[in-house]
Amino acid sequence: SIGYFARGEIEYNQGKTEEAIADYTRGLDIFPDHMESVGNRGNLYAKKGEYRRAIEDYNRAMALRPNDPKSYYNRGLAYFNLGELDKSVVDYAEAIRLKADYTDAYLGRGKAYGKLKNYQAAIADVETALKIEPKHPETLNFSLMISHWKTMVASTAVSQKLDTIEKCNEAIQLNPNNASVYFARTLIYDKTKQTDLAIADY
């Protein structure tokens, strides 16, 4: 079994997905409690887009090592890719509980919150992550996300006051450069299923 795990590890690092899965599986048939190999196989299934199989391996890895934050992060990412955002948030939160400076878990949870339109929580998580790791390679992308979410927060507040298209139009006439009002009008168009007009405002 050790030989299969060793060869699987080499193939894993070389990006040989199918070969690595096969060797990890052979090794795990002999020695099923090799946690690193279970987790790595889960990552390879996720890479292939087989998220349910990945989750099965992450569950197995958690049973072997319950306090490993990486397994929760990986499962959270798999749930995110499946669109199961509430489960994703729960797993990212557990990863953060186990490792308070887990930058990628904060970023992952922030993205999930953004998809759930919980923009305040999304902003808080991503800002926390970028404080932990200011030189994160995706800093620019996440900074743009924060700007977008802040605009959505402002637009939501505006839309609660300007709750009709007519009120938004009046506000735009007074100040044509106020982006929040345009976003507010877009939110109203979305709610009223006026998709073409919503796209035009974007």
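Helices (H or I, at least four residues) and strands (E, at least two) are DSSP runs, numbered from the N terminus.

**View 1. The chain is laid out as a run of helices.** This is a predicted model, where local features need pLDDT of at least 70, side-chain atom pairs count only at pLDDT 80 or more, and totals for chains, interfaces and linings use all residues. Residues are numbered from 1 along each chain as its sequence is written, and side-chain values use heavy atoms, leaving out hydrogens and water. Welcome to the protein: from the N terminus on, its elements read α-α-α-α-α-α-α-α-α-α-α-α, which comes to 12 helices and 0 strands.

**View 2. The largest nonpolar core holds 26 residues.** Such a core is a set of buried Ala, Val, Leu, Ile, Met, Phe, Trp, Tyr and Cys residues joined through side-chain atoms within 4.5 Å; buried means under 20% relative accessible area, with a 1.4 Å probe and protein chains only. Look for Tyr 73, Ala 95, Ala 105, Val 126 and Trp 149, which touch the most other members. Two or more residues each come from helices H5 (69-82), H6 (85-98), H7 (103-115), H8 (119-132) and H9 (139-161). The top contributor is H8, with 7 residues.

**View 3. Trp 149 and its contacts take the centre here.** Contact means heavy atoms within 4.5 Å. Setting aside neighbours within four places in sequence, Trp 149 meets Gly 110, Lys 111, Gly 114, Tyr 119, Ala 122, Ile 123 and Val 126.

**View 4. A second, separate core has 17 residues.** Among its members are Tyr 24, Met 35, Leu 44 and Ile 55.

Terms used
Buried < 20%, exposed > 50% of the residue type's maximum accessible area, 1.4 Å probe, protein only.
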